[in-house]
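Colleague: Could you take me through this one slowly? I am new to reading structures.
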Amino acid sequence: MRFAQSFTPALLLLAAGVAQAASAWGFDEGSVSVVGRKSGEAVKEKLNARAPLSKPVSLGSTDTLKLSLTAKDNGKAKRPHQAFLLLQEQESGLEAPFPLTVKENGKAVAQISHKDLPVQLLAATKPLKASVVLASFGSAQGLDAPVFELKIETDPNVPPPAYEKPLRYGKKPEIHHIFRPDPKSPPKVVSLFFTLAVVGTLPALLIGWFTLGGNLNHLSKAIGAAPLSHATFFGSILAMEFVFIMYYTSWTLFQTLPVIAAVAVATVLSGTKALGEVQSRRLAGER
Amino acid sequence: MRSLISFFVFLFAAAVSALSTTGNRLLVILDDVVEKANYSKFLADLESRGFQLSFETPKSESLALFHLGERSYDHIIFFPTKTKGLGPKLTPNLLVDFLNAKGNLLVTLSSGVPTPNSLVSLLAELDIQLPAERTGLVVDHFNYDASSAADLHDVLLLPPPGPIRPDVKDFFAAGAPKDSLLAFPRGVGAVLGPGELLTPILRAPRTAYSYNPKEQAETVDELFAAGEQLALVSAFQARNSARLTLVGSAEMLQDKWFDAEVSQPSSGAGKKAAAAGKTFNREFAKRLSGWTFNEIGVLRVNWIEHHLDEPGAANQSNPAIYRIKKDVKYTISLSEHAWTAWTPFTLPSASDALQLEFSMLSPFHRLPLQPDPALSTDDAAAYSAAFRLPDQHGIFNFRVSYKRPLLSNVEEKNTVSVRHMAHDEWPRSYVISGAWPWIAGIGVTVAGWLAFCALWMFSAPVPAPGGAAGAARAETKKTQ
Amino acid sequence: MSADLLQVLASAGKGKGTRSLLRVIILALIAGAAVSSRLFSVIRFESIIHEFDPWFNFRATKYLVANGFYKFWDWFDDRTWHPLGRVTGGTLYPGLMVTSGVIYHALRALTIPVDIRNICVLLAPGFSGLTAIAAYLLTNEMTPSSSAGLLAALFVGIAPGYISRSVAGSYDNEAIAIFLLVFTFYLWIKALKQGSMLWGALCALFYGYMVASWGGYAFITCLLPLHAFVLICMGRYSTRLYVAYTTWYALGTLASMQIPFVGFLPVKTSEHMPALGIFGFLQLLAFLDYVRSAIPSRQFQTFLWLFAGATFGLGLLGLVIATSAGFIAPWSGRFYSLWDTGYAKIHIPIIASVSEHQPTAWPAFFFDLNMLIWLFPVGVYLCFQELADEHVFIVVYALFGSYFAGVMVRLMLTLTPVVCVAAAIAVSTLLDAYLNAKSPNPEEVQALESSEGKRAVKSGLRSTSKPVVGVYGLWGKGMVVGAMVVYLLVFVLHCTWVTSNAYSSPSVVLASRLPDGSQHIIDDYREAYQWLRQNTREDAKIMSWWDYGYQIGGMADRPTLVDNNTWNNTHIATVGKAMSSREEVSYPIMRQHEVDYVLVVFGGLLGYSGDDINKFLWMVRIAEGIWPDEVSERAFFTPRGEYRVDAEATETMKNSLMYKMSYYNYNNLFPPGQAVDRMRGARLPEVGPTLNTLEEAFTSENWIIRIYKVKDLDNLGRDHASAAAFDRGHKKKKATKKRGPRLLRVE
């Protein structure tokens with residue numbers, strides 16, 4: 001049954017194709033209407049294959065778009081094999097076809113609401129371009145005509161459909177690491193001023209000591225009493241400071257430690273003697 | 001004499017390099033070996049490019065994709081077979097294993113022949129949907145061959161496909177004569193999933209659609225797919241760069257459509273006069289098989305080198321450890337295989353970029369690599385980038401992940417450690433002006449200490465103004 | 001005969017030279033006993049590093065020995081905390097490693113080639129011998145009776161509280177730190193008693209060594225100023241105190257700042273502020289003291305004291321303001337948890353999750369100190385009786401130490417020395433009184449009493465005079481001495497038993513008894529680590545809970561994501577999240593961190609309690625601390641609030657990666673439907689979990705360690721669940737009607 005049904009028209013079409021070589025598809029009584037669910041109010045516009053509607057048709061989230069037309073082959077109502085409404089997103093060029101339900105007499109209807117639309121079209125910012133395609137087998141020229149523009153209006157209360165752009169291999173944005181800023185020193189003048197101020201304390205200290213009566217008058221006496229130990233002791237103190245300076249500038253820990261040990265031994269050995277001499281002077285009331 | 005030898009060496013080298021980069025063992029699966037006569041030109045082209053063809057039927061006893069765990073073939077072509085199952089030798093799992101082992105597949109379909117279950121499952125795994133009835137037929141009432149399918153409109157005529165994106169290399173239409181046309185007779189269209197591994201090579205025109213000739217002869221109410229969503233020839237490249245190409249129409253590879261005369265339908269208003277001419281199918285088939293079997297679009301990393309880019313630094317190659325905030329230079333050498341030989345790789349377009357990432361958890365730097373002519377050779381192009389290491393220590397990767405549609409994947413990761421500043425790598429304190437007062441303080445303390453020592457040891461008592469005070473002090477000291 | 005021998009012994013003990021010789025011999029014996037009682041684990045198992053942290057110290061020591069000091073100082077470890085790495089040289093206390101390194105090189109120089117591992121294993125026992133000697137010296141400063149010192153040495157040598165962290169193989173910072181602690185205290189007392197700069201400098205030197213060795217140095221940093229402060233409050237300010245304290249503080253702080261990990265903390269953090277405050281206060285007091293001695297005026301003095309008090313108060317106020325303004329870092333979380341034991345559990349789960357940070361249970365005191373715990377108050381009481389400066393120290397230390405030991409199990413360690421010292425004073429006082437063979441002559445005593453009484457009447461301080469105590473009966477003496485000897489023997493027995501049974505397990509190797517009584521070694525850990533070492537790439541990253549980080553680094557020599565140095569809470573929480581989330585959530589985390597293998601510890605087959613399912617809630621809590629929206633502890637409990645693993649377990653629990661990894665394939669060991677988790681005594685659901693993103697790589701003999709390999713991304717771009725389903729033979733269902741809105745393919 002079905003087989004026969006499908007076969008006959010094909011044969012008919014074949015015949016028609018031979019007969020009417022230069023025929024072309026078109027439509028009549030085309031109209032588009034938007035029916036709101038709540039209001040039931042329909043906005044109806046007539047469609048023309050030659051000139052698209054000047055104003056875009058808007059489709060709310062609860063509305064249904066209804067398209068109806070009568071397909072005609074060379075002015076004769078006829079059922080085409082292909083009767084699509086194509087909705088195109090203008091930025092990406094993505095297109096979704098909606099086949100029309102066509103009756104034998106060429107009357108074709110399509111109903112579209114938000115849930116029928118692919119995500120990308122729902123998320124479109126610009127109006128969708130709607131065209132009607134009518135074509136069939138044989139030699140009849142098909143019709144592919146833009147008819148109107150469709151504006152998708154989303155409900156602000158409903159979150160917009162999540163559309164995640166699919167991963168595509170390609171160039172990625174450049175990234176440059178942002179470095180932490182280097183630590184800053186205060187202006188050199190300030191540093192220099194304070195450096196001089198610090199250095200200035202040394203002469204101040206020495207002058208202070210000498211005005212209070214500090215002197216080196218017992219040097220000869222001390223050297224005379226214990227020449228070797230005094231020289232070594234003071235020398236070792238100097239040497240220790242020198243070792244510290246060397247450690248600061250160039251030496252490693254393992255170069256420093258043995259030298260420190262050697263100097264420290266010298267300090268202790270000579271120190272007992274030298275300080276003993278100092279103590280003897282103190283006990284003698286000479287200090 | 002010498003020149004003769006070198007000539008032979010050259011010949012030999014040429015013969016070897018004429019092969020695919022993966023290998024030349026090509027298995028052709030046919031329903032009946034006799035059928036191969038239909039594809040003689042296509043197969044002869046393949047043979048002339050150095051492939052060793054073996055012909056098998058799915059039922060063949062000797063057929064085995066793997067031998068001792070190794071691939072027995074490098075590539076497989078599936079021509080349409082009437083049997084619904086391909087038997088135990090070609091189960092979808094085996095085919096997936098074959099892809100995982102870097103084998104390549106060229107699968108052809110035909111609207112007249114049901115697609116074997118095994119291939120349908122395989123394609124479903126790759127997210128390629130075929131029409132449910134398996135016999136969907138693609139027609140287009142606007143772009144058909146008027147000379148052979150004036151009524152049925154099932155021989156589509158299409159221009160050779162250009163790149164899908166401006167920054168993708170044009171493999172299939174480059175150099176095609178103007179107005180050349182591809183014939184796509186009685187084919188099946190597939191719908192591709194959203195994945196990034198799939199690339200439609202040839203897409204149906206926007207007015208084309210797929211229908212079931214048995215059930216939808218009068219009109220199409222339920223649509224499988226239409227327009228550009230319908231992929232006629234599509235490519236899949238796995239992460240390991242194994243390739244699978246799906247050709248919706250096996251017929252387009254047959255001899256009769258190679259260089260066949262075709263003509264577009266004469267159209268009425270608004271259209272140009274009908275174009276007519278020879279098809280581009282033969283060249284297209286060559287390029288398609290060449291791409292599938294790794295003759296073109298294959299990238300090779302020759303070497304990678306990175307080193308410190310500091311003046312006076314020891315120029316050690318590829319050290320395992322760097323220090324933060326040092327300048328480094330990274331160079332990668334890439335070649336692209338073009339049919340017979342390795343050529344220097346060039347970016348397909350100026351808008352594309354070969355990018356280097358320096359990343360730990362997430363990229364710290366992502367920089368374009370610039371061509372480095374000094375290190376490039378006749379068959380390899382070097383790309384390099386110089387940058388300063390971030391001020392964060394950690395285990396970083398130099399990562400070049402160059403993955404583009406239709407080019408084999410380049411995924412290179414070189415791990416280096418980036419260490420912190422060692423204790424003796426900071427600027428010395430005397431260089432920092434802010435530290436000067438502190439250093440002066442140390443100096444003054446040292447000098448003051450020495451002076452104090454001298455004073456304490458060698459100072460004589462001051463004769464006090466009264467003279468008694470000094471004595472009294474000495475007295476108190478004693479008694480204490 | 002025996003009397004003769006006693007006579008000889010007594011006469012021998014009389015000479016001064018022989019006495020000190022005897023003392024040296026006894027001390028050497030005590031040190032030997034201390035060392036040998038810590039060798040149980042070496043004898044029972046082998047010379048092996050124990051537990052967790054020691055494995056890191058061991059690894060660091062090997063690095064030091066191989067690369068030298070400066071390389072070690074600047075060591076950037078790229079095999080831990082992947083991919084962050086760890087500036088190890090700057091974030092560890094190097095004292096332990098340097099000590100071992102010095103010993104190693106010294107032995108080398110003496111042409112004694114010893115394996116560095118053996119040095120590390122035996123370092124803790126060796127230093128415990130030194131601790132015994134240090135305790136002897138410290139106690140000798142407290143009491144003239146030299147027997148007290150020897151007793152203290154003995155107590156410290158074998159007290160389980162100290163042994164717990166110093167058995168052979170327990171190569172941890174505490175191994176040398178306790179010796180340094182006791183010795184620093186000894187030097188401090190010495191410096192304080194003599195007012196000597198030399199002893200003060202030595203004290204600072206050992207304090208520096210202590211800082212280089214253990215984070216517990218803060219205990220000294222707080223205890224010494226507290227001691228000084230108490231002395232000042234008691235009106236015992238003296239130049240001795242001034243010299244000792246200022247010398248110690250100035251040199252010690254400088255020394256401590258040389259350790260990179262400590263750096264500027266001594267002048268920046270609250271923990272170190274008391275020491276600085278007392279330093280400043282002492283300067284002020286010294287100044288006032290000088291002024292007071294110069295101007296003798298009573299009103300002026302009171303004014304000065306008021307002034308000093310006001311300055312102290314102002315200083316305290318300034319500290320509070322500086323802290324709140326952020327110039328001084330506030331107390332760290334670990335310190336807050338010392339005041340409020342519930343603090344960590346709420347605010348810093350990472351600290352609370354560490355078992356040794358838990359508050360101490362009461363029995364632990366008796367377990368670790370035995371009879372010392374009741375002798376301890378007696379010793380403190382005796383110190384009160386004399387109350388010289390050094391006795392104040394013992395009292396302060398005792399109070400401080402008891403509090404902290406009660407708050408944190410780990411700090412039992414710092415309490416042990418003072419307990420030993422105080423107990424030794426108590427026992428020696430007792431024994432000195434009762435062991436005196438000569439009975440006091442009543443007349444003499446009476447004469448002494450009357451003369452003392454007279455004097456007391458004169459001075460009017462009768463109540464403070466000492467009551468004269470004397471024991472007259474030999475029988476009574478024998479009783480008491482006998483009882484004491486029994487107690488001491490029981491103490492030795494207890495210590496040996498505790499050491500042998502509780503503290504000598506390496507915890508890397510588990511021992512169990514077979515029905516016939518023979519020992520059975522469960523060596524799953526080493527089996528698994530050896531597997532990792534031999535079967536994975538050298539740079540394969542292993543994800544596990546942080547407990548096993550050091551062991552993986554040390555034994556398997558593989559990079560880990562987190563380890564026992566819990567410095568980065570977020571990174572640990574990341575691992576916790578990966579373990580406690582669904583596979584789909586965990587997989588991207590593991591990819592991002594380049595994880596190759598995941599290691600879990602599962603005790604269900606063996607009934608091993610220290611497994612990851614038992615620790616799982618801590619992982620959840622720590623992850624929840626960072627991602628409260630994505631991980632919720634509540635979701636792991638059944639509606640009735642039970643933590644279950646059987647069929648009643650919550651969906652979140654069943655889908656968590658940890659659950660799946662633990663029970664994957666576990667059903668196959670049992671007849672259908674009879675899989676039992678022996679640890680939790682739960683019957684598991686008939687169908688075990690499926691794993692899509694991981695594949696089982698290794699399971700040890702007793703299923704304690706399970707290692708999984710992280711799968712690569714699917715070659716064909718599928719998600720792992722469908723790829724795994726395909727491999728199992730399930731064909732993809734025809735996507736006839738996809739749910740949700742249609743999607744067009746771009747490009």
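Modeller: Let us begin with the terms: helices (H or I, at least four residues) and strands (E, at least two) are DSSP runs, numbered from the N terminus. Please keep in mind that this is a predicted model.

Colleague: OK, so how many helices and strands does chain B have?
Modeller: Chain B comes to 7 helices and 27 strands.

Colleague: And how much of chain B is buried?
Modeller: Of the 480 residues in chain B, 42% are buried. As for its contacts with a separation of 6 or more, 72% are accounted for by residues that are 24 or more positions apart.

Colleague: Switching to the two chains together, how many residues are in contact?
Modeller: On chain A there are 70 residues in contact with chain B, and they meet 60 residues of chain B. Several elements of chain A give two or more residues to the side that touches chain B, including α1 (2-19), β10 (128-135), α3 (188-211) and α5 (227-249).

Colleague: Which one gives the most?
Modeller: That is α3(A), which gives 12 residues to the side of chain A that touches chain B. Sorted by class, that side of chain A has 35 nonpolar, 23 polar and 12 charged residues.

Colleague: What does UniProt say about chain A?
Modeller: Its unreviewed entry places the feature "transmembrane region" at residues 189-212 and 224-247 of chain A.

Colleague: And are those spans helix or strand in the model?
Modeller: Residues 189-212 of chain A are 96% helix and 0% strand, with the end C-alpha atoms 34 Å apart. For residues 224-247 of chain A, the span is 96% helix and 0% strand, and the end C-alpha atoms lie 34 Å apart.

Notes: Residues are numbered from 1 along each chain as its sequence is written. Chains are lettered from A and ligands numbered from 1 in the order in which they are written. This is a predicted model: local features need pLDDT of at least 70, side-chain atom pairs count only at pLDDT 80 or more; totals for chains, interfaces and linings use all residues. Two residues are in contact if their C-beta atoms, placed from the backbone, lie within 7 Å. Ala, Val, Leu, Ile, Met, Phe, Trp, Tyr, Cys and Pro count as nonpolar, Asp, Glu, Lys and Arg as charged, and the others, Gly among them, as polar. A residue is buried if 20 or more other C-beta atoms lie within 10 Å of its own, exposed if 12 or fewer, and partly exposed in between; C-beta atoms are placed from the backbone. UniProt positions are given in the numbering used here, feature names are shortened, and annotations may be inferred rather than shown by experiment.
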